[in-house]
Amino acid sequence: MGVIRDSDREFDYSVPVAVVGAGACGLTAALAARDAGAEVLVLERDRRPWGSTSMSLGAMCAAASAEHRRHGIEDSAERFVADVMAKTGGRADPLLARVVGERSGPTVDWLTARHDVPLLLDFKWTGLGHSVPRLHIPPGRSGEELLALLGRAADRAGAQVMTEARVGGLYADAEGRVRGLRIQRPDGSREELGVGALVLATCGFGGNHAMVARYIPEMANARYFGHEGNKGDGILWGEALGGALADMTAYQGLGTLADPQQVIVAHPLMIEGGFLVNVEGRRFTHELENISGMCVPVLAQPHGLAWVVFDGQRHAACLEHSVEHRQLTEVGAVRQADDWATLERLCALPAGSLARENADIDAARAAGRPDRLGRRFDGLQPLSPPYCALRVTGALFHTQGGLVVDAEAAVLRPDGRRLPNLYAGGGAARSISGPAVTGYLPGAGICMAITLGRLAGDAAGRLVSRHATVTA
Ligand SMILES: Cc1cc2nc3c(=O)[nH]c(=O)nc-3n(C[C@H](O)[C@H](O)[C@H](O)COP(=O)(O)OP(=O)(O)OC[C@H]3O[C@@H](n4cnc5c(N)ncnc54)[C@H](O)[C@@H]3O)c2cc1C
């Protein structure tokens, strides 16, 4: 139903703060609203909250956290903003980058200390645009664990989560104030609910083919590997209410989705010295230049396929820290051989191709110069037998454009004025990636969900508490 303008409709039931979507953003918003003293109801379309959050590696970037101080690492909001601007060629919103730079670290600290959602600094993903280690990850190193921790914390804090409750549309007055929403149940029944403030935590539009074709036409025919419930609902409602959209062309699309297993291949394999070849056995890209946009060069290769090539040592290290790598190993996706010729045969690659590419890399390393694709392997151990390979393809993972928000995650109109009671975070809001596929910093997806989720829930909670005080 989209957004219906209706200033007179009466609702039998009302909640002070409603949150649509029970991913990282929605559950964090619920925690913050409870901390601000508000009753909150989270509405989730699925029977069990899952979202892109559970599909993720659960790692969020954050600047200047208590974890940084514990490890003696100097970080600051200024440094974070400088990294965002460098990664996006100066095209991210500097104000939003600043807000995230200032608020992400304290938000990690708040989750850890107040809500028992421990997020530990991770050293596996260094560089790639972050000038200091910034990824914070739960102890079990998975998005599923992150969502479970947030869900338990929301429960403890007294937030209500209603599942199998798809929000089908909103009721709003002429000024764009959200008055209520319609919930659709799997049996076809409908319920209507009044709201004091609304947080949109419905993620992006990767699961909405028409929106992808409109805003990101180069990915219109690519596989989508995010949560299928990410239909862009919140973005469409916010826009219909008069909210501004920005950076709708930005997205993250990894080039290392195991084929055909559909499991993400752990990036440390490449960060620590592995490389990519196409099915003709040729390297075709600097593997670390733009990890988040690697789907573009991979999908441009014959059959849209490539092989990640690494060795037994990296394989063993990855087995220790990556759930996904263990899964891939268990299902026999990792090909392994004692020499290049055998691995080439196992992967149906031209004879001599892997040995040649590896020798090129070794020569560049020995000469202390970049290889022909501009990558430096200095300081990384050469690959040694046994050699390993995993077949991969590229996919659209999640979109980065969305509703424009301010420092309290309130949705803004194109002229910069706030909508009265609408907040957005995570994939529903514009990110800090600028307008292109090259601007995504590792961990920015969960960072925007959790950091903006807290800001949104806190502001929504304070708004309704203020209103309750004024009307009491
Ligand atoms: C495979 C994969 C790996 C990733 N790895 C990382 C990573 O390691 N680090 C990182 O920072 N980012 C990563 N990302 C991105 C990250 O997962 C997302 O940016 C983040 O989870 C977004 O959180 P969210 O709460 O906005 O959305 P979600 O977690 O997707 O939650 C949105 C929820 O809203 C619900 N919903 C949608 N519409 C409605 C409706 N109308 N009514 C009711 N409910 C609705 C959905 O069902 C869903 O549960 C990854 C993404 C993918 C797909």
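So, is Arg69 buried or exposed? Arg69 is exposed, because its relative accessible area is 54% and the cut-off for exposed is over 50%. Quick reminder before I go on: what you see above is a predicted model.

I picked Arg69 since it has a salt-bridge partner, Asp109, with the closest N and O atoms 3.5 Å apart. That pair links distant parts of the chain: Arg69 sits in helix H3, residues 66-70, while Asp109 is in helix H5, and the two positions lie 40 residues apart in numbering terms, that is, they are 40 residues apart.

Okay, salt bridges in general. How many does the structure hold? The count is 35. I'll show you a few of them.

Down at the start of the numbering, Asp6 and Arg9 meet through their side chains, 3.2 Å from N to O. Asp6 has 17% relative accessibility, so it counts as buried. Arg9 comes out at 28%, so that one is partly exposed.

Then there's Asp371 with Arg283, where the closest N and O atoms are 2.8 Å apart. Asp371 is in the loop between helix H14 (353-367) and strand E17 (387-393), and Arg283 is in the loop between strand E14 (275-278) and helix H10 (295-299), so this bridge ties together parts that are 88 residues apart in sequence. Both partners, Asp371 and Arg283, are buried. And if you like networks, here's one: Asp406, Glu408, Arg418, Asp458 and Arg462 are joined by salt bridges that share partners.

Next, back to H5, this time for its packing against H4. Two packed helices are described by the angle between their axes and the distance between the axes. For H4 (residues 77-87) and H5 (residues 94-115), the axes come within 8 Å and cross at roughly 135 degrees. That makes the two helices oblique to each other, because 135 is not over 145, where roughly antiparallel would begin. The crossing of H4 and H5 is right-handed. Who makes the contact? On the H4 side we have Ala77, Glu78, Phe80, Val81, Val84 and Met85, and H5 brings Pro94, Ala97, Arg98, Val100, Gly101 and Glu102. By type, the residues in that contact split into 8 nonpolar, 1 polar and 3 charged.

A quick stop at helix H8, residues 233-240. Its buried residues are Asp233, Gly234, Ile235, Trp237 and Gly238. After H8 comes Gly242, with a positive phi near 110 degrees.

Last topic: backbone oddities, for those of you who check torsions. Which peptide bonds are cis? Two to look at here. From Asp259 to Pro260 the bond is cis, with omega near 5 degrees, and Pro260 is in the loop between strand E13 (257-258) and helix H9 (268-271). Pro385 and Pro386 are also joined by a cis bond, omega about 0 degrees. Pro386 belongs to the loop between H14 and E17, where we already met Asp371.

And positive phi outside glycine: Arg141 has a phi of about 60 degrees. Arg141 is in the loop between strand E6 (135-137) and helix H6 (143-157), and it's partly exposed at 21% relative accessible area. His303 has a positive phi near 60 degrees as well. You'll find His303 in the loop between H10 and strand E15 (305-311), and with 70% relative accessible area it is exposed.

That's my tour.

Terms used
Residues numbered from 1 in each chain as written. Predicted model: local features only at pLDDT ≥ 70, side-chain atom pairs only at ≥ 80, totals over all residues. Heavy atoms only, no water. Axes fitted to C-alpha atoms, helices over the stretch in contact; angles between N-to-C directions. Helix = DSSP H or I, 4+ residues; strand = E, 2+ residues; numbered from the N terminus. Parallel < 35°, antiparallel > 145°, perpendicular 65-115°, else oblique. Left-handed = near helix turned anticlockwise from the far one by under 90°. Contact = heavy atoms within 4.5 Å. Nonpolar A, V, L, I, M, F, W, Y, C, P; charged D, E, K, R; others polar. Buried < 20%, exposed > 50% of the residue type's maximum accessible area, 1.4 Å probe, protein only. Salt bridge = Lys/Arg side-chain N within 4 Å of Asp/Glu carboxyl O.
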